[in-house]
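Good morning, colleagues. Please bring the sequence and the structure up on your screens, and I shall take you through a few places in turn.

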Amino acid sequence: MGALDDVRIEILEDHQDAAVRAMLVDLALVEQEHYDHPVETLEQLTDRLRPAPHFTGDNHILVARSRDGQALGLCWVVLFDPGTGLEAEIAELYVRPDGRGQGIAHRLMAEAMEVLRQRQDTFACVWTRGDNPAALSAYQAAGFAPTEQTVLTWLPLG
């Protein structure tokens with residue numbers, strides 16, 4: 001490769017570009033060794049990784065209700081496929097204060113996990129604060145665990 005001045009950055013137009021797809025597969029092959037999850041073969045990754053210009057998703061908001069229909073809590077599950085396989089995020093988990101301590105969050109998470117299993121999601125994540133033991137308990141009981149990854153965020157504040 002020549003000088004950096006000879007390099008241009010462009011938005012991918014041809015989403016079937018074999019060289020780009022090969023780079024994504026190479027990246028996934030190397031990176032999967034660093035994480036504690038099932039290892040995929042070259043063939044599996046090649047079949048699964050399909051960059052696309054757009055992706056769609058679904059919102060599933062699960063609601064816990066009392067016998068009389070009063071909403072006690074919710075779990076908002078975001079489902080999407082960015083071209084790397086079906087993914088999910090537990091966007092929100094909330095139980096009203098008067099419903100806490102009764103296992104409602106655990107029930108909501110169990111149902112959310114059933115949604116993910118039925119869809120055969122390949123990845124799911126949740127964001128929470130480390131000082132929220134009730135949320136951590138519900139997420140960990142559902143099978144979530146801290147990862148080796150460092151998450152960096154960008155917030156456009158001004």
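I begin with Phe55, whose relative accessibility is 48%, so this residue counts as partly exposed; the cut-off for exposed is over 50%, and buried means under 20%. Please bear in mind throughout that this is a predicted model. Phe55 sits in the loop that runs between helix 2 and strand 1, the latter covering residues 57–65. Which residues does Phe55 touch, not counting those up to four places away in sequence? They are Phe80, Asp81 and Pro82. As for its distance from Ala18, the two residues are 37 apart in sequence, and their C-alpha atoms lie 20 Å apart in space.

Let us now turn to helix 1. This helix comprises 14 residues, 18–31. At 1.5 Å a residue it should span 20 Å, and its end C-alpha atoms are indeed 20 Å apart, so the expected and modelled values agree. Three of its residues, Arg21, Val25 and Ala28, are buried. The three cover an arc of only 65° around the axis, which means that they lie on the same side of helix 1. What covers these buried residues? The cover includes helix 2, residues 42–48. On the face of helix 1 turned away from the buried side, one finds Met23 and Leu27, both exposed.

The N-terminal end of helix 1 deserves a moment as well. Asp17 caps this end: one of its side-chain oxygens is 2.9 Å from the backbone nitrogen of Ala19.

Next, please move to the loop between helix 1 and helix 2, where Gln32 is found. Is Gln32 buried or exposed? Its relative accessibility is 6%, and because buried means under 20%, Gln32 counts as buried. Leaving aside residues up to four places away in sequence, Gln32 touches His37, Pro38, Val39, Glu40 and Leu45.

My last stop is Trp154, in the segment after helix 4, which itself covers residues 133–141. Trp154 has a relative accessible area of 69% and is therefore exposed. Trp154 and Glu13 are 141 residues apart in sequence, with 26 Å between their C-alpha atoms in space.

To recapitulate the three single residues: Phe55 is partly exposed, Gln32 is buried, and Trp154 is exposed. For helix 1, please retain the buried side with Arg21, Val25 and Ala28, and the face turned away from it with Met23 and Leu27. Thank you for your attention.

Methods. Residues are numbered from 1 along each chain as its sequence is written. This is a predicted model: local features need pLDDT of at least 70, side-chain atom pairs count only at pLDDT 80 or more; totals for chains, interfaces and linings use all residues. Side-chain values use heavy atoms; hydrogens and water are left out. Helices (H or I, at least four residues) and strands (E, at least two) are DSSP runs, numbered from the N terminus. The expected span of a helix is 1.5 Å times one less than its number of residues. Buried means under 20% relative accessible area, exposed over 50%, partly exposed in between (1.4 Å probe, protein chains only). The arc is that of the directions from the helix axis to the C-beta atoms. Contact means heavy atoms within 4.5 Å. A polar contact is a pair of N or O atoms within 3.5 Å; within protein, one must be able to donate a hydrogen and the other to accept it, and residues adjacent in sequence count only if both atoms are side-chain atoms.
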